[in-house]
Amino acid sequence: EGGNVDASGVAAALVGMDTGGGNVTLALTQVPQNLQITTEGGNVTVILPLGSTTYDISTPDNQGANLSIPQSLSSPTSIHKITIDSAGGDITVSQG
């Protein structure tokens, strides 16, 4: 509980993480179909693969969080789902 997760080079269609309060840094090399991250207060950084793919990005519990999510990556009709529940931790989504 409370440990940090730092994962790079991840190639998976389905990804789920729950840190119990630690920070998450996740760099993906494959477009995820369904990505779910829960940190219970930790900061989240997600680096998506380069390309024109858009994502249905949801941040249900982000009160007090700083959100940095480029509009060019977000589309509510996308089949690629990303849910990040940071419970107030900062959320950054980018490509790289």
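User: What makes up the exposed surface of the protein, and how much of it comes from carbon and sulfur atoms?

Analyst: The protein exposes about 4,900 Å², and carbon and sulfur atoms supply 44% of it. Accessible areas come from the Shrake-Rupley method with a 1.4 Å probe; for residues, only the protein chains shown count as cover. This is a predicted model: local features need pLDDT of at least 70, side-chain atom pairs count only at pLDDT 80 or more, and totals for chains, interfaces and linings use all residues. Residues are numbered from 1 along each chain as its sequence is written, and side-chain values use heavy atoms, with hydrogens and water left out.

User: Why is the protein called as compact as a globular protein of its length?

Analyst: Compare two values. The radius of gyration, taken over C-alpha atoms, is set against the globule rule, 2.2 Å times the number of residues to the power 0.38. For 96 residues the rule gives 12 Å, and the protein has 12 Å, so it is as compact as a globular protein of that length. Its C-alpha atoms fill a box of roughly 35 × 25 × 20 Å along the principal axes.

User: What share of the residues is buried?

Analyst: Buried residues are 35% of the 96. Buried means under 20% relative accessible area, exposed over 50%, partly exposed in between (1.4 Å probe, protein chains only).

User: Why is Lys-81 called partly exposed?

Analyst: Lys-81 has a relative accessible area of 33%. That value lies between the 20% and 50% cut-offs, so Lys-81 is partly exposed.

User: How do you know that Asp-56 and Lys-81 form a salt bridge?

Analyst: The rule asks for a side-chain nitrogen of Lys or Arg within 4 Å of a carboxyl oxygen of Asp or Glu. Here the closest N and O atoms are 3.1 Å apart, so the pair qualifies. The count comes to 1 salt bridge. The pair links distant parts of the chain: Asp-56 sits in strand S6 (residues 56–58), Lys-81 in strand S8 (residues 81–85), 25 residues apart.

User: What makes a run a strand, and how many are there?

Analyst: Strands (E, at least two residues) and helices (H or I, at least four) are DSSP runs, numbered from the N terminus. The protein has 9 strands and 0 helices.

User: Why do S2 and S4 count as paired?

Analyst: Pairing needs at least two DSSP bridges between two strands. S2 and S4 (residues 34–38) have 5, in the parallel sense, so they pair. Val-15 stands opposite Leu-35 in S4.

User: Which order do the strands of the open sheet take, and why are S2 and S6 at its edges?

Analyst: The order of the 4 strands is S2-S4-S8-S6, with parallel pairing. S2 (14–18) and S6 each have a single partner strand, so one side of each is left without a neighbour in the sheet.
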